[in-house]
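Please look over the sequence and the model together before reading on. The paragraphs below walk through a few helices, the contacts between them, and some single residues.

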Amino acid sequence: MKVDGSVAVVTGAGSGIGRAIAAALASAGAAVVAADIDAASANDTAAMIGGVAAAADAASTDGIATLLDTARQAFGPVDIYVANAGINGQLGLGDDEAAWDRIIDINLRAHIRAAKAVVPQWLERGSGHFVAVASAAGLLTQLGAAPYSVTKHAAVGFAEWLAIRYGDQGIGVSCVCPMGVDTPMLHGMTESPDAEMRMAGAAVTSSGEVVAPEAVAALVVQAIADRKFLVLPHPEVLTMYRQKGADYDRWIAGMRRFQRTLQ
């Protein structure tokens, strides 16, 4: 897909990976709506990249409609939708049912609701590209946090389904699965006063290099242009994923050992 001249919406664009993707798309010639639930952060990103800001809840149907309307009024119909907004959620089993609902809404249903909004339009036009920013946890797991691991697995599964169902009808899908990225979210984990949260952060930082958000963003823009599905800023994740599939019991035993070393 041609990025230059396209119209893109990036959720969670107020910081981290979202801000970097918004900037990379703008540099590649896209007109970008920088969306974030925090209005000040969205405005900062938009000012930085020469785009338009939109403060909305990207997990809600009404919020997504606001983002698409903002893009349409400023630039025209949306060609690229980057579902990047996400949260860590609770640790352990996530005892709070409301917190489970919240992370499912943000990390998964936001993707589903956005796809419901954009796919019919893209089918009519015969083109469009959906980017699901998931995590290596969606291919492997996240120690210490069931809600994050579960929702990221589900986000990967939904992106796979989209790619299979609509790939022959002009719609591209990319699924981004990084490990450690130098973002406020990761710093919040590694610097948390909660020991279990720090353990979860250490599981990420000790598994591989912590890369810059800009490195992830560059791969995302290239994946859109190449219509590539799986985006792995940490190539070693593919080896880990293959080892997991080759011998699940051995992989689980290895993850238990890794967990013990961090505890």
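Helices here are DSSP runs of H or I with at least four residues, numbered from the N terminus, and by that definition K116 is found in helix α4, which covers residues 97–125. The model is a predicted one, and every distance and angle that follows should be read with that in mind. K116 counts as exposed because its relative accessibility is 65%, and exposed means over 50%. The C-alpha atom of K116 is separated by 9.4 Å from that of T61, although their positions lie 55 residues apart along the chain.

A good place to begin with helix packing is α1, residues 16–27, and its partner α2, residues 39–49, whose axes come within 10 Å and cross at roughly 25°. Angles under 35 degrees count as roughly parallel, and α1 and α2 are therefore roughly parallel to each other. The crossing of these two helices, α1 and α2, is right-handed. On the α1 side the residues that meet the partner are R19, A22, A23 and A26, and on the α2 side they are S41, D44, T45, M48 and I49. Sorted by class, this contact of α1 with α2 has 5 nonpolar, 2 polar and 2 charged residues. The spacing within such a set can be read against the geometry of a helix: an α-helix has 3.6 residues a turn, so residues three or four places apart point the same way.

Within that contact, T45 deserves a separate look. Is T45 buried or exposed? T45, which is found in helix α2, counts as buried because its relative accessibility is 0%. The side chain of T45 is joined to the side chain of R19 by a polar contact of 2.7 Å. Leaving aside residues up to four places away in sequence, T45 touches A13, G14, R19, A22 and A34.

Helix α1 also packs against α8, and here the axes come within 8 Å and cross at roughly 50°. That angle makes α1 oblique to α8. As for handedness, the crossing of α1 and α8 is right-handed. From α1 the contact is made by G16, I17, A20, I21, A24 and L25, and from α8 by P213, E214, V216, A217, V220, V221 and I224. By class, the contact of α1 with α8 has 11 nonpolar, 1 polar and 1 charged residues.

G16, a residue of helix α1, has a relative accessible area of 17% and is therefore buried. Setting aside residues up to four places away in sequence, the residues that G16 touches are T183, P184 and P213. G16 also lies 8.0 Å from M185, C-alpha to C-alpha, with the two residues 169 apart in sequence.

On α8 itself, A215 counts as partly exposed because its relative accessibility is 39%. The C-alpha atoms of A215 and L68 are separated by 27 Å, and these residues are 147 apart along the chain. Following the chain out of α8, which spans 213–226, one reaches R227 in the loop that leads to β7, 230–231. What is the phi of R227? R227 has a positive phi of about 55°, although it is not a glycine. As background, most residues other than glycine have a negative phi. R227 has a relative accessible area of 39% and is therefore partly exposed.

The remaining stop is helix α7, residues 195–205, whose buried residues are M197, M199, A200, G201, A203 and V204. The cover over these buried residues of α7 includes α6, residues 184–190, and α10, residues 248–262. At the N-terminal end of α7, D194 acts as a cap, with a side-chain oxygen 2.8 Å from the backbone nitrogen of E196.

T261, found in helix α10, gives one more view of this region. T261 and A203 are 9.7 Å apart in space, C-alpha to C-alpha, and 58 residues apart in sequence. T261 counts as exposed because its relative accessibility is 63%, whereas A203 is among the buried residues of α7. The side chain of T261 reaches the backbone oxygen of F258 at 2.6 Å.

Conventions
Residues are numbered from 1 along each chain as its sequence is written. This is a predicted model: local features need pLDDT of at least 70, side-chain atom pairs count only at pLDDT 80 or more; totals for chains, interfaces and linings use all residues. Side-chain values use heavy atoms; hydrogens and water are left out. Buried means under 20% relative accessible area, exposed over 50%, partly exposed in between (1.4 Å probe, protein chains only). Contact means heavy atoms within 4.5 Å. A polar contact is a pair of N or O atoms within 3.5 Å; within protein, one must be able to donate a hydrogen and the other to accept it, and residues adjacent in sequence count only if both atoms are side-chain atoms. Axes are lines fitted to C-alpha atoms, for helices over the stretch in contact, and angles run from 0 to 180 degrees between N-to-C directions. Angles under 35 degrees count as roughly parallel, over 145 as roughly antiparallel, 65 to 115 as roughly perpendicular and the rest as oblique. A crossing is left-handed if the near helix is turned anticlockwise from the far one by less than a right angle, and right-handed if clockwise. Ala, Val, Leu, Ile, Met, Phe, Trp, Tyr, Cys and Pro count as nonpolar, Asp, Glu, Lys and Arg as charged, and the others, Gly among them, as polar.
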